[in-house]
Amino acid sequence: MTAATSRKISFAEVTRAASGRWREILLTAGLPPEKLDGKGHPCPKCEGRDRFNVAKNFESQGNAFCRHCFNGSSTIKPGNGLNTIAWLRNLTLVQAAEWIAEYLGMSKEQYIDGPRTVDIVTATANDKGVPVEAFRKYGAVAAKRGKMDVARLPLYNERGEAHSYCDIAPRMKALIKKGIGNGGLFLPEGRVPHPGETWLIVEGGKDSPALYSLGYNAVGLPTCEMAEKYAQLFRGVHVVLVPDLDKGGQKGARRSGGRLSGIAASVKISRLPGDIKDSGGDDVRDILKRPDGEMLVRDAIANAADWKPDPDEVVRDERPEVVLSLNEGFVADIVVKHLGKLGWATPWIPEQIRESVKVFVRGGSLAHVVASEIPNTAGQLMIRTMPTPIVRERITQATQLVVETTGDDGEFETKPERPPKWLIINRN
């Protein structure tokens, strides 16, 4: 037995450190890049046709499979990245663990002498591919969500005050504190932007510390776009938006830019390298995993283009968001408040129709002013109870209703929603 096999090695510590970096590890180990697309390919070992593929989650787990090499009679078993490296380089599991640890620059104290307890903040940062110290700069602390250990990050409101939180853990989606209005911003050390500074705005409580570790001031959003109420925090600030490479992220950045225009000193939008997908596109951390990832991210930020208004989105951007919840009376009261301003203090409504969209209350019901069609009074203005289809239309003119949800990538986000029946009935 060699000295290497007699020592106790923590496979868990090695695989935890490798999580999120398996693409570069497998490439370095000699796996051709074209075989990492999840489709069937000739095996790089046995060369059998269409036998080999990597799993969908191989970047976090490193698992791959060949129907011949990993068959039932083989001593090689499919599993995580340790098994993949051992198979690919003809190593034992211990030797594979040592090879990976050396590649990652781990000290022996980090993986020798058996598994040790790792605090949840470090474990989460490693799992998400975020530098631990930067993660802590955003306030990450150990906490409990029920019986589960989580890393808890504070969320800051439009006044720059910590008022809520987001929980993250290995292999778990990010979860915002339950309740209406508990979204917010991820800020490094709770520091708000100051006029004249340059700040990046990015999705999530994981990409923001990743950028912070590169020396940038970075704000994280729990959704792909910034709510209007946060814009004043960036007055006089030079802002660069860094959206994910999917349609939602790109659209969200344009809408955020509209909310910052005229408030921030300048607004730019960067374009990370890669194709834009319908959903689940690459983010900052995905780009940083590439061999030249840091240079690519820095170039994208340095070459960010000036934000330009999109007429189709400016109107929608200015409507106040109202989050739908089970607290129907509370939501209805907020909507009524905005309905009362419709046509009076709603600059996104064209001037020529402002009078026609004003809403009044008569006998406890919503009403509006219409031209009479009755003979002898035709053309005279009259107050009439507002029919249900018009109530629906006025609500959408006065507000943008949204629901809070968790996206496929685990990030907290809001999505537009049509006025529900209970809201229209309550107001009619």
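How many helices and strands does the secondary structure of the protein chain come to? It comes to 17 helices and 17 strands, where helices (H or I, at least four residues) and strands (E, at least two) are DSSP runs, numbered from the N terminus. Before we wander in, keep in mind that this is a predicted model: local features need pLDDT of at least 70, side-chain atom pairs count only at pLDDT 80 or more, and totals for chains, interfaces and linings use all residues. Residues are numbered from 1 along each chain as its sequence is written, and side-chain values use heavy atoms, with hydrogens and water left out.

Let's start with the whole chain. Of its 428 residues, 47% count as buried. Buried means under 20% relative accessible area, exposed means over 50%, and partly exposed is in between (1.4 Å probe, protein chains only). The chain exposes about 21,200 Å², and carbon and sulfur atoms supply 51% of that; such areas come from the Shrake-Rupley method with a 1.4 Å probe, and for residues only the protein chains shown count as cover. Now think about who touches whom, with contact meaning heavy atoms within 4.5 Å. Among contacts between residues at least 6 apart in sequence, 57% join residues at least 24 apart.

Next, find the open sheet made of four strands in the order E3-E4-E5-E6, with antiparallel pairing. Two strands pair if DSSP finds at least two bridges between them. Strand E3 (141-145) and strand E6 (175-176) stand at the edges with a single partner strand each, so one side of each has no neighbour in the sheet. Further in, E4 and E5 run antiparallel and are joined by six bridges. If you want a landmark, look for Pro 154, which stands opposite Tyr 165 in E5. Helix H8 packs on this sheet, touching E3, E4 and E5, and its direction makes about 80° with that of E4. Such angles run from 0 to 180 degrees between N-to-C directions, and the axes are lines fitted to C-alpha atoms, for helices over the stretch in contact.

While you're there, take a look at H8 itself, which spans residues 120-128. Is this helix mostly covered or mostly uncovered? Mostly covered: eight of its nine residues are buried, including Ile 120, Val 121 and Asp 127. At the start of H8, a side-chain oxygen of Asp 119 comes to within 3.2 Å of the backbone nitrogen of Val 121. Just after the helix, Gly 129 takes a positive phi of about 70°. You can spot a similar detail elsewhere: just after helix H2 (residues 11-18), Gly 20 has a positive phi of about 85°. The buried residues of H2 are Glu 13, Val 14, Thr 15 and Ala 18.

For some parallel pairing, head to strand E7 (residues 198-203), where five of the six residues are buried, so the strand is largely enclosed by the rest of the structure. E7 runs parallel to strand E9 (residues 238-242), and five bridges join them; here Trp 199 stands opposite Val 239 in E9. E7 also pairs in the parallel sense with strand E8 (residues 218-221), over four bridges, and Val 202 stands opposite Gly 220 in E8.

Now for the charged side chains. Side chains of opposite charge can pair when their charged atoms come close. A salt bridge is a side-chain nitrogen of Lys or Arg within 4 Å of a carboxyl oxygen of Asp or Glu, and the structure holds 24 of them. One of them is between Lys 289 and Glu 59, with the closest N and O atoms 4.0 Å apart. Lys 289 lies in the loop between helix H12 (284-288) and helix H13 (293-302), while Glu 59 is in helix H4 (residues 58-61), so the pair ties together parts that are 230 residues apart in sequence. Lys 289 is buried, with a relative accessible area of 18%, whereas Glu 59 counts as partly exposed at 22% relative accessibility. These two also belong to a network of salt bridges that links Arg 23, Glu 59, Asp 286 and Lys 289.

Back at the sheet, Asp 167 forms a salt bridge with Arg 152, and their closest N and O atoms are 2.7 Å apart. Asp 167 lies in strand E5 (residues 162-168) and Arg 152 in strand E4 (residues 148-156), so this pair ties together parts that are 15 residues apart in sequence. Asp 167 is buried, with a relative accessible area of 0%.

Technical notes: A polar contact is a pair of N or O atoms within 3.5 Å; within protein, one must be able to donate a hydrogen and the other to accept it, and residues adjacent in sequence count only if both atoms are side-chain atoms.
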